[in-house]
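User: Could you take a close look at one part of this model for me, the helical packing, and then show how the rest of the chain sits around that in your account? Keep it chatty, but spell out the cut-offs.

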Amino acid sequence: MIPNKDRGFDTLRARGLRLTRPRRLILDVVRATDAHPTAAFVYQRVRRRLPRVSLATVHRNLRMLAAEGFLAERADAGGMRFDGNTAPHDHFTCLACGRIYDVPGRTERSVRRRVAAPIGFEVLEHRTEYYGRCVACRRQRGRPPVTQYRRSYGRPQGH
Ligand SMILES: [Zn+2]
Ligand SMILES: [Zn+2]
């Protein structure tokens, strides 16, 4: 997936947002990873550069950047995740390691038609969630089977 790193801070200025240092760093951190980080993850990273920043500040700015469309946020069983990729895309969640991957390409039109036609609804947006084992976990021998992780699903480790 190609993260939309090209959307620069000029856009941010054009929208009238104050370009504070924490805000710039927060956006950088989220866009630099495809791990769909939590606020806590972003906080840990931002703190390396701004030791006095608070989790509340990071969280508030994440929500604000998401509301302005610079980031996407997604509710997860384990809490809120933030996505630097704001283009429409689906996600694959690995049930073994808990990592969330972007899945490029969607079949929007056919899905919308299939869902909407029989009931007369108008579908404006949809998303598909895939679950399974990622390439890294499939290659890793000795990984406990996915079933042992199902109970802890939503509390991914390492991200
Ligand atoms: Zn995995
Ligand atoms: Zn994503």
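Analyst: Here is a walk through the helices, followed by the sheet and one loop.

First, the ground rules. This is a predicted model, in which local features need pLDDT of at least 70 and side-chain atom pairs count only at pLDDT 80 or more, while totals for chains, interfaces and linings use all residues. Residues are numbered from 1 along each chain as its sequence is written, and chains are lettered from A and ligands numbered from 1 in the order in which they are written.

The chain has seven helices and five strands. Helices here are DSSP runs of H or I with at least four residues, strands are runs of E with at least two, and both are numbered from the N terminus. Going along the sequence, you read α-α-α-α-β-β-β-β-α-β-α-α. Of the 159 residues, 19% are buried. A residue counts as buried if 20 or more other C-beta atoms lie within 10 Å of its own, as exposed if 12 or fewer do, and as partly exposed in between, with C-beta atoms placed from the backbone. As for contacts with a separation of 6 or more, 58% of them are between residues 24 or more positions apart; two residues are in contact if their C-beta atoms, placed from the backbone, lie within 7 Å.

Now the part you asked about. Helix 2 (residues 21-32) packs on helix 4 (residues 55-67) at an angle of about 70 degrees, and their axes are 10 Å apart. That makes helix 2 roughly perpendicular to helix 4. Axes are lines fitted to C-alpha atoms, for helices over the stretch in contact, and angles run from 0 to 180 degrees between N-to-C directions. Under 35 degrees is called roughly parallel, over 145 roughly antiparallel, 65 to 115 roughly perpendicular, and the rest oblique. This crossing of helix 2 and helix 4 is right-handed, meaning that the near helix is turned clockwise from the far one by less than a right angle; anticlockwise would be left-handed. On the helix 2 side you'll find Pro22, Arg23, Ile26 and Leu27, and they meet Thr57, Val58, Asn61, Leu62 and Leu65 of helix 4. By class, that contact has six nonpolar, two polar and one charged residues. Nonpolar covers Ala, Val, Leu, Ile, Met, Phe, Trp, Tyr, Cys and Pro, charged covers Asp, Glu, Lys and Arg, and the others, Gly among them, are polar.

Helix 2 also packs against helix 3, at an angle of about 125 degrees, with the axes 10 Å apart. That makes helix 2 oblique to helix 3. Helix 2 passes helix 3 in a right-handed crossing. Pro22, Leu25, Ile26, Val29 and Val30 of helix 2 make this contact with Val42, Arg45, Val46 and Arg49 of helix 3. Its residues divide into seven nonpolar, no polar and two charged.

What's tucked away in helix 3 (residues 39-49)? Its buried residues are Ala39, Phe41, Val42, Tyr43 and Val46. Helix 2, helix 4 and strand 2 (79-83) are among the elements that cover them.

The loop between helix 2 and helix 3 is home to His36. His36 has a positive phi of about 55 degrees although it is not a glycine. Most residues other than glycine have a negative phi. His36 also counts as buried, with 24 C-beta neighbours inside 10 Å.

On to the sheet. Three strands form an open sheet in the order 4-3-5, with mixed pairing. Strand 4 and strand 5 stand at the edges with a single partner strand each, so one side of each is left without a neighbour in the sheet. On average, neighbouring strands of this sheet are turned by 25 degrees against each other, direction ignored. Strands count as paired if DSSP finds at least two bridges between them. Strand 3 (residues 90-94) and strand 4 pair in the antiparallel sense over four bridges, and Asp90 has Val103 as its bridge partner in strand 4. These two strands form a hairpin with five residues between them, where Gly98 in the turn has a positive phi of about 85 degrees. Strand 3 and strand 5 (residues 129-132) pair in the parallel sense, also over four bridges. In strand 5, Phe92 has Tyr130 as its bridge partner, and Thr93 has Tyr131.

Last stop: Pro104 lies in the loop between strand 4 (100-103) and helix 5 (108-119). Pro104 is exposed, with 11 other C-beta atoms within 10 Å. Pro104 and Ala87 are 17 residues apart in sequence and 9.5 Å apart in space, C-alpha to C-alpha.
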